[in-house]
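Subject: Structure for you to look at

Hello,

Here is the structure I promised to hand over. Please open it alongside this email.

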Amino acid sequence: MSANPLLLVLDYPGRRPEAHISEMHLERSGFECRDVLTSPMPTALTTPAYARELYARQRPDRPAALVAYCAAAPLAVAMAALLAGPAGPVPIVLLDPQPTPPSEILHEYHEVVRQVEGRAPNVERPPLLDIEGLLATPETFMARIGEDLRLRAKLALAAFGFDGADVSGPVEGVVGVYVEWLNFLVAAHYDEQPGPSGPTLQVISKGHPADAGWLGATDLRTVRVPCDRPELAANAEARAAVLEFLHDCALSAPADGRGQGQPGQGDLVTDTELALARMWADVLGVDAVGRRDNFFDLGGDSMLATRLVLSARRTWNVEFSVRALVDSPVLMDLAARIDGLTDASAFGRHR
């Protein structure tokens with residue numbers, strides 16, 4: 001077991017333009033950082049219940065602090081309440097914390113619909129759901145969301161000539177990713193709990209509202225960093241503020257280590273990498289793909305991912321899902337995963 005102070009990190013794992021908490025590199029200052037929000041995500045629909053599911057999965061020792069980003073703030077507060085004990089409240093670090101009102105869920109639903117329907121030509125577009133009306137009954141809301149997104153995904157794929165039974169698996173994969181995200185937001189919306197009782201730091205970016213009265217924190221410190229939101233978690237001043245707060249909470253951490261350089265893209269090595277690179281280039285509409293390229297950084301979205309998965313399944317004749325691409329978006333990692341699937345398939349045929 002690590003002797004380093006433990007930080008529980010609540011940062012939704014989906015792709016986004018903003019930097020992730022991992023880009024603070026707090027482990028370089030001697031902390032053990034443990035991601036709490038990992039797939040498969042909880043399905044509870046209120047903040048306390050969602051936090052209890054996370055806690056039941058992790059059963060963590062008392063951490064030095066919790067660190068959360070944006071809409072995960074209420075979940076961090078709920079987890080801190082579960083972890084409080086004789087040693088007192090657990091400190092909390094919040095980066096651009098914000099509540100999740102119905103308008104935010106509506107905005108995200110529209111964005112998800114845009115991504116699911118993707119670039120499909122002349123796709124039939126069903127009417128949008130009445131999100132604010134459905135939120136009154138969260139169980140119904142999540143059921144309707146799943147049905148709506150499955151239909152949209154199938155219609156979009158049909159516009160590209162993919163239909164029939166072979167699309168069901170990929171559709172479930174991509175819809176599942178978005179349902180998890182919207183479930184997370186619904187849980188953050190139904191925040192039925194008291195505010196944090198221990199020391200709480202909010203680090204906010206330029207333009208983010210400083211008023212965190214909705215949190216109900218009794219010991220709140222605020223640091224505003226002169227950077228835009230996408231850079232907040234990677235900002236040196238934000239990192240320094242977090243480390244200072246942790247030290248103020250009687251934590252000790254060794255000095256920073258040196259960062260590692262970024263590797264180059266590298267040449268394609270295996271036959272699978274070569275074939276996959278050609279497939280990526282065709283789907284993404286790019287000229288060249290390197291083995292360390294990331295599918296989503298090159299412009300991939302959910303529907304392009306689904307098209308890639310369908311093409312890969314036909315090429316290698318393996319059970320391959322959108323989730324596999326989300327988990328392994330770098331070309332060489334995905335190629336290795338496909339090689340593993342083909343090896344397992346060949347072994348099964350020759351037993």
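Below is what I found, starting with the sheet and ending with some backbone details. Please keep in mind that this is a predicted model.

The sheet

Start with the strands. Six of them form an open sheet. The order is β2-β1-β3-β4-β5-β6, and the pairing is parallel. Strands β2 (32–35) and β6 (219–224) stand at the edges. Each has a single partner strand, so one side of each is left without a neighbour in the sheet. Neighbouring strands are turned by 20 degrees against each other on average, ignoring direction.

For a closer look, take β1, which covers residues 6–10. Strand β1 pairs with β2 in the parallel sense, over four bridges. Within that pair, Val 9 stands opposite Asp 35 of β2.

Helices on the sheet

Two helices are worth finding here. Helix α7 (residues 236–248) packs on the sheet. Its contacts are with β1, β3, β4, β5 (199–204) and β6. The direction of α7 makes about 175 degrees with that of β5.

Helix α2 spans residues 73–83. It lies across β1, β3 (65–69) and β4 (92–95). Against β3, helix α2 runs at about 165 degrees.

Salt bridges

The count comes to 13 salt bridges. Here are some of them.

- Arg 114 and Glu 111: the closest N and O atoms are 2.5 Å apart. Both residues lie in helix α3 (residues 102–117). They are three residues apart, about one turn of the helix. Glu 111 is partly exposed, at 24% relative accessibility.
- Arg 291 and Glu 273: the side chains meet at 2.8 Å, N to O. This pair links distant parts of the chain, 18 residues apart. Arg 291 is in the loop between α8 (271–284) and α9 (302–316), while Glu 273 is in helix α8. Both residues are buried.
- Arg 313 and Glu 319: here the N to O distance is 3.4 Å. Arg 313 has a relative accessible area of 18%, so it counts as buried, the cut-off being under 20%. Glu 319 is exposed, with a relative accessible area of 67%.

There is also a network. Salt bridges with shared partners join Glu 117, Arg 125, Asp 148 and Arg 152.

Backbone details

Most residues other than glycine have a negative phi, and most peptide bonds are trans. Three spots here deserve a look with that in mind.

Go to Ser 39 and Pro 40. A cis peptide bond joins them, with omega about 0 degrees. Pro 40 sits in the loop between β2 and α1 (47–58).

Next, His 25. Its phi is positive, near 55 degrees, and the residue is not glycine. His 25 lies in the loop between β1 and β2. It is partly exposed, with a relative accessible area of 28%.

Then Cys 70. Phi of Cys 70 is also positive, near 55 degrees. Its place is in the loop between β3 and α2. Is Cys 70 buried or exposed? Cys 70 is at 12% relative accessibility, so it counts as buried.

Best wishes

How values were computed: Residues are numbered from 1 along each chain as its sequence is written. This is a predicted model: local features need pLDDT of at least 70, side-chain atom pairs count only at pLDDT 80 or more; totals for chains, interfaces and linings use all residues. Side-chain values use heavy atoms; hydrogens and water are left out. Two strands pair if DSSP finds at least two bridges between them. Axes are lines fitted to C-alpha atoms, for helices over the stretch in contact, and angles run from 0 to 180 degrees between N-to-C directions. Contact means heavy atoms within 4.5 Å. A salt bridge is a side-chain nitrogen of Lys or Arg within 4 Å of a carboxyl oxygen of Asp or Glu. Buried means under 20% relative accessible area, exposed over 50%, partly exposed in between (1.4 Å probe, protein chains only).
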